[in-house]
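User: I am new to this structure and would like to start with a pocket. Could you show it to me, please?

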Amino acid sequence: MLKTLVKVSSITNLSDARYCAGMGVDFLGFPLEQIPVEKFTEIRNWLAGVQIVGEFSTHNAEDIKAKVAEYQPDILEIDTKVNLVAIQDIAIPKILRVNIDSDNLPAVFAASAPYVSQFLLVGDSPQSLDGMEGSVEIWSAQYPILVGLEIPESDLDEWIEQSSIKGIGLVAGDEDRPGFRDFTDLMNILEKLETE
């Protein structure tokens, strides 16, 4: 069990998917434009007890609808350039990826909240969270936010236990070769999040 909700993004291989599922990660994100449906289905068949998130970088509502119909993820993740009204008939929960460095967040949160189940807060650099902690706390008290920004490991417990965030977002890595992957970065954070 992990102390908070965790989403791992950009999974493209079975090693990451199985490791994260085994560690108790709640949401596994797959970039559906980069992974063939056969490979996605094969990976998914190995997994149990996790929510599969279809991640999109495209902004075309029709393309998104077609891929969702083909891949059948449990949750859809899009960014702020997607017209949420145009995809509201996709009947699965939606995560909206918002950028702390470039989006007008108070306006985006207010306008998008009726259409999405959660927000994933990302940034353009490892320092994006610096100086923004107070704002993130204010937003998290109002909206369901997963923080996908770089949180220093030493501050992780404090964020989890004392802030209003709903969880954190991490990013998967690449396999060195099929079946071989160094999980050190993910492992350090996930082990820190494990309940005693």
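User: How do the residues lining the second largest pocket divide into nonpolar, polar and charged?
Analyst: The lining holds six nonpolar, seven polar and five charged residues. Nonpolar covers Ala, Val, Leu, Ile, Met, Phe, Trp, Tyr, Cys and Pro, charged covers Asp, Glu, Lys and Arg, and polar the others, Gly among them. A pocket is an open set of points on a 1 Å grid over the protein atoms alone where a 1.4 Å probe fits, with protein on both sides within 12 Å along at least five of seven lines; lining residues have an atom within 4 Å of a point.

User: Is this a predicted model, and how are residues numbered?
Analyst: The model is predicted; local features need pLDDT of at least 70 and side-chain atom pairs pLDDT 80 or more, while totals for chains, interfaces and linings use all residues. Residues are numbered from 1 along each chain as its sequence is written, and side-chain values use heavy atoms, leaving out hydrogens and water.

User: Which element gives the largest share of that lining?
Analyst: Strand β8 does, with three residues. Strands are DSSP runs (E, at least two residues), numbered from the N terminus.

User: What does β8 pair with?
Analyst: β8 runs parallel to β1, joined by five bridges; strands pair if DSSP finds at least two bridges between them. Lys7 stands opposite Gly169 in β8.

User: Is β1 buried or exposed?
Analyst: Four of the five residues of β1 (residues 5-9) are buried, so this strand is largely enclosed by the rest of the structure. Buried means under 20% relative accessible area, exposed over 50%, and partly exposed in between (1.4 Å probe, protein chains only).

User: How many bridges link β1 and β2?
Analyst: Two, in the parallel sense, and Val8 stands opposite Leu28 in β2.
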